[in-house]
Amino acid sequence: MGIAEVALHTMPGAFAAHSPAYNLPHGADARRRKRNTNSVSNARALQGLLKIPRLRSVQLQCQRIDDLARVTEGNGTWVKDAMNNASQVLGDASVPDQAVGGNGSLNGNTNKPPPQRRKTSSVDDEAWELLQESMVYYCGSPVGTIAANDPNDSDPMNYDQVFIRDFIPSGIAFLLKGEYEIVRNFILHTLQLQTMDCHSPGQGLMPASFKVRTIPLDGDEDATEEVLDPDFGEAAIGRVAPVDSGLWWIILLRAYGKCSGDLSVQERIDVQTGMKMILKLCLADGFDMFPTLLVTDGSCMIDRRMGIHGHPLEIQALFYSALLCAREMLTPEDGSADLIRALNNRLIALSFHIREYYWLDMQKLNEIYRYKTEEYSYDAVNKFNIYPDQIPPWLVEWIPPKGGYFIGNLQPAHMDFRFFSLGNLWSIVSSLATTQQSHAILDLIESKWSDLVAEMPLKICYPALENQEWKIITGSDPKNTPWSYHNGGSWPTLLWQLTVACIKMNRPELAAKAIEVAERRIATDKWPEYYDTKRARFIGKQARLYQTWSIAGFLVAKLLIEKPDAARILWNDEDAEILNAFSTNRKRGKKVLKKTYIV
Ligand code: GLC
């Protein structure tokens, strides 16, 4: 494919062209990767062909971002225009002769002065200072925070990028401190990185991360320009698709509006379009029988092979939350009735499915223990043909008499009984769990404190995969050894989600206790990314230090405990329509949904 074809082929989203590199012949692979991963060259080719004038100043660039909604308002071809404009804006970003990164040039992270870190008085002050130091600038404006900011780390890999999921606690911290600009910029810039072409894996995907690069300006030896370079998983270890990015983006968008009172961002046409594209991608029909979202392994915070392919809880909780948030923000217009209908149907089916089939407590475990198998019929009790022999020995001992949780994953003849913290906490936050289930999850965390919190909150999942299971399920991953990293490691960032869940259920004392545990050592330990061992005694073997979402997670937890009301920007109240549909559904004893899902 020649350059002309490349450029035209990637229209209108010149920045978004990407596709898995692994199935291309070697030469094509290399060519395509260069073309696809580097949005800059696409933009350039497009500019050359279409003679789009390059913008040379910061002011113009920023103006263009803000103009987007106005230019396209009330215009019948607004979707196309918005896309075209978005692609122009990003490609045209240019700041001649200067590097405007917050900390220096490339990705705002090099040539930075040594951080002045220890003059602050309290852990909270230090956290706030570090968070500000982690800010990444693009064209003079803050657009995100770097994943880890350890001045002594000579090989940061991709931790020098702005990760969408990692930025969420940063964004919330900024919102709670009244600093709205960075969140607004993040929302709008990441929107422009969203895929808008017709290549795999589908319109609407948000990148896992992006980097601000300073590159030489075409035809001018002394000048440089800044560009945003997204990674949709095509450079990530294992080439994992970041399904959670778009869901988090919607959740942050709502939080921004609620906290700042500025609804103009969510009302913008390009933002509405971006939101709809995420929804359409998630609501698209596939081969699936379940209302849960079908994803590959490693498509969320756990972005390595960990046996969470299929319908992992974390994705379902974020999906549910994003659907509710989006419904609140979508502006009614003629074309969106079908989307809203699909969204409502999905919400009902999803909540029923998770509440009913993912739930596990002492009583349910006993039911599973006595399940009959090989039942064929519509009213089978053991719908997924779970063999009781699957119940792992650890669970028989572990399940507390009081309390319960949602299992990690459910597929035909397979229940993943591991406890995953984020999925369970976000089920509380989003009201995917009933009030009773939400309390039961917190009861379980309380009664299993020494397993889940121990010396550093919070275990990402419990228990770890060991021996043969570790070999088969992780593929003998040396980073995910038992009780390390994603495999039973402890992640301080999860403190903020725990805090929101506890505040929502009016049990802030539980979160306060966990914060106290973290505060004892997190700053002295230099804000690690994760901790190892069963009781989280050691700093993770390969953990980054000064990990931004550990810092921001702690800060958000502290800020929310002080002002619990502010947590409302994040949670969703139980939806009356869903409750209604539930009782009707149960009374009639049959499906009320148009779509054939297993409910
Ligand atoms: C690791 C984590 C992922 C995080 C990234 C950046 O890959 O697994 O969840 O987003 O680091 O911190």
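Author: Before we dig in: contact here means heavy atoms within 4.5 Å. Also, the model is predicted.

Reader: Okay, among contacts between residues at least 6 apart in sequence, what percentage join residues at least 24 apart?

Author: Let's start with the parts list: the protein chain has 23 helices and eleven strands. Now take its contacts between residues at least 6 apart in sequence; the share joining residues at least 24 apart is 72%.

Reader: And how much of the protein chain counts as buried?

Author: The cut-off you need is under 20% relative accessible area. Of the 599 residues in the protein chain, the portion that counts as buried is 61%.

Reader: Let's talk helices. Are α21 and α22 parallel, perpendicular or oblique to each other?

Author: Helix α21 spans residues 508-521 and helix α22 residues 548-562; their axes come within 10 Å and cross at roughly 140°. Over 145 degrees would count as roughly antiparallel, and 65 to 115 as roughly perpendicular. The crossing falls in neither range, so α21 relative to α22 is oblique.

Reader: How do the residues in the contact of α21 with α22 split by class?

Author: The crossing of these two, α21 and α22, is left-handed. On the α21 side you've got P508, A511, A512, I515, A518 and E519, and they meet F554, A557, K558 and I561 in α22. Sorted by class, that contact has two charged residues, no polar ones and eight nonpolar.

Reader: Now α6 against α22: is that crossing left-handed or right-handed?

Author: Helix α6 covers residues 123-133, and its axis comes within 9 Å of the α22 axis, crossing at roughly 130°. That angle makes α6 oblique to α22. As for the hand of the α6 and α22 crossing, it's left-handed.

Reader: Which residues of α22 make the contact with α6?

Author: From α6 come V123, D124, A127, W128, L130 and L131. Their partners in α22 are T548, I551, A552, F554, L555, K558 and E562.

Reader: On to charges. How many salt bridges does the count come to?

Author: Side chains of opposite charge can pair when their charged atoms come close. The cut-off is a side-chain nitrogen of Lys or Arg within 4 Å of a carboxyl oxygen of Asp or Glu. By that rule, the number of salt bridges is 22.

Reader: Take D153 and R544: how many residues apart in sequence are the parts they tie together?

Author: D153 forms a salt bridge with R544, with the closest N and O atoms 2.6 Å apart. D153 sits in the loop between β2 (141-145) and β3 (162-163), while R544 is in the loop between β11 (538-539) and α22, so the separation in sequence is 391 residues.

Reader: Is R544 buried or exposed?

Author: The partner D153 is partly exposed because its relative accessibility is 26%. R544 has a relative accessibility of 13%, and under 20% is the cut-off, so it counts as buried.

Reader: Where is R304, the partner of D477?

Author: D477 forms a salt bridge with R304, and the closest N and O atoms are 2.8 Å apart. The two are 173 residues apart, with D477 in the loop between α19 (467-474) and α20 (495-504) and R304 in the loop between α11 (269-283) and α12 (313-329).

Reader: Which residues join K402 in one network of salt bridges?

Author: D443 forms a salt bridge with K402, the closest N and O atoms being 4.0 Å apart. D443 is in helix α17 (residues 435-447), and K402 is in the loop between α15 (393-398) and β7 (404-411), 41 residues away. Through shared partners, the residues networked with K402 are D443, E446 and R507.

Reader: Backbone time. What's omega for the cis peptide bond that joins Y462 and P463?

Author: Most residues other than glycine have a negative phi, and most peptide bonds are trans. The bond from P457 to L458 is cis, with omega near 5°. P463 is found in the loop between β9 and α19, and for the cis bond joining Y462 and P463, omega is about -10°.

Reader: And what is the relative accessible area of A536?

Author: C139 isn't a glycine, yet has a positive phi of about 50°; phi of A536 is positive too, near 60°. C139 is buried because its relative accessible area is 1%. A536 is likewise buried, with a relative accessible area of 0%.

Technical notes:
Residues numbered from 1 in each chain as written. Predicted model: local features only at pLDDT ≥ 70, side-chain atom pairs only at ≥ 80, totals over all residues. Heavy atoms only, no water. Axes fitted to C-alpha atoms, helices over the stretch in contact; angles between N-to-C directions. Helix = DSSP H or I, 4+ residues; strand = E, 2+ residues; numbered from the N terminus. Parallel < 35°, antiparallel > 145°, perpendicular 65-115°, else oblique. Left-handed = near helix turned anticlockwise from the far one by under 90°. Nonpolar A, V, L, I, M, F, W, Y, C, P; charged D, E, K, R; others polar. Buried < 20%, exposed > 50% of the residue type's maximum accessible area, 1.4 Å probe, protein only.
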